[in-house]
Amino acid sequence: MRYRTLGRTGLQVSEVGYGAWGIGGKQWLGGSDDESVTAVRRAIELGLNFIDTALAYGDGHSEELVGQLVREAGKKIYVATKVPPKNQLWPAPPGIGIEKVFPYDYILRSTEKSLRNLRLDAIDLQQLHVWNPEWLDRDEWRRAFEDLKKSGKVRFVGVSINDHAPDTALGIIDTGLIDAVQVIYNIFDQSPEQNLFPLCRTRHIGVLARVPLDEGSLTGTITADTRFAPGEFRDFYFRGGRKRQVVERVNALKKDLQGLPGTLPEIALQFCLSHPAVSSVIPGMRKVRNVESSVSVSDRGRLAPEVLARLKKHVWDKNFYS
Ligand SMILES: NC(=O)c1ccc[n+]([C@@H]2O[C@H](COP(=O)([O-])OP(=O)(O)OC[C@H]3O[C@@H](n4cnc5c(N)ncnc54)[C@H](OP(=O)(O)O)[C@@H]3O)[C@@H](O)[C@H]2O)c1
């Protein structure tokens, strides 16, 4: 496993981090705690030292599992978590004031709750789970982040940027008050490369590449007949004719990637790590075989410029979250 610096935090984080949404259960069905725990332990054994969770993932269950695994690890594992929007609306819709989403006291209370779930003394990176640039000048998030850092309960702070809207974080980066951002970045959505990544590099802001496999599209295993459990997130994400569209896009991609070493998901992760602005790519991996495959990507280095140019053709302007 190779390590990269998480922006100005100076933390040396594994290039492949762990996305802990799936292990919360509830929104992702079909796994089990035993399977998740085995997968995370294997990831840590292979050198992974960064885990991204959130209070909202399984209503604290993901944080509880992550805390247990980090405490037993016997070495430093960096933990990032998130403050859920108080109004429970993902992503943050325009026109709703910060007092309804992230009031000062609420950010502090939510952090305390995460610390209790994790059973840790401090959170390495606390993130707002949604962000709306209309809140830029508001005091609530500024004061809460400052006080949390001062208290030592949080070491570094950041935001998880609204889906497919990387430029909405340019303003908050310019304030100099955050240390890292989390953004959707994958072969289909390469938009962070335009403005966000250059700014992050100039300002030394850490970048977490989330949803690197487009919630499963880029695993190459979804067919028109794939069924997800009713009520689970992916049943919504891949609803209607979307699975058919995915198959078409993925077939075109596979054709273009013929001859390259690695599976489609491995090349998709390698794509994320090919950008120098990315500090860590954080796939969700509940299965050991997926952990082993994803972690192996770190040893492969960057994709050739010619391959990256070919992948530009596969940008897909969509928003399946809405
Ligand atoms: N708003 C936000 O802040 C936000 C939103 C979404 C996600 N996130 C973060 O980003 C993380 C990643 O996103 P995600 O988990 O939603 O989706 P994802 O990483 O794009 O895809 C996860 C899927 O890929 C499979 N997979 C992982 N590695 C694989 C490999 N090497 N080969 C084949 N299949 C592989 C997983 O299977 P198994 O699980 O069965 O092993 C799972 O079905 C989340 O866990 C979370 O930490 C944040």
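How many disulfides does the count come to? I took a disulfide to be a pair of cysteine sulfur atoms within 2.5 Å, and by this rule I arrived at 0 disulfides.

Notes on the model: I am working from a predicted model, in which local features need pLDDT of at least 70 and side-chain atom pairs count only at pLDDT 80 or more, while totals for chains, interfaces and linings use all residues. I number residues from 1 along each chain as its sequence is written, and my side-chain values use heavy atoms, with hydrogens and water left out.

Cysteines: I looked up C200 and found its closest cysteine sulfur in C272, 15 Å away and therefore too far for a bond. I then checked burial (under 20% relative accessible area, exposed being over 50% and partly exposed in between, with a 1.4 Å probe and protein chains only); C200 is buried at 2%, and C272 is buried at 0%.

Ligand shell: I counted a residue as near the ligand if one of its heavy atoms lies within 4 Å of it, which gave 29 residues, the closest being D52, S160, E215, R286 and K287. By class I noted 11 nonpolar, 10 polar and 8 charged residues in this shell.

Ligand contacts: I looked at pairs of N or O atoms within 3.5 Å. A side-chain N or O atom of K287 lies 2.6 Å from an oxygen atom of the ligand, a backbone N or O atom of R286 lies 2.8 Å from a ligand oxygen atom, and the side chain of S294 places an N or O atom 2.9 Å from a nitrogen atom of the ligand. I also noted that the protein covers 93% of the 910 Å² of accessible area that the ligand has on its own (Shrake-Rupley method, 1.4 Å probe).

Terms used: A polar contact is a pair of N or O atoms within 3.5 Å; within protein, one must be able to donate a hydrogen and the other to accept it, and residues adjacent in sequence count only if both atoms are side-chain atoms. Ala, Val, Leu, Ile, Met, Phe, Trp, Tyr, Cys and Pro count as nonpolar, Asp, Glu, Lys and Arg as charged, and the others, Gly among them, as polar.
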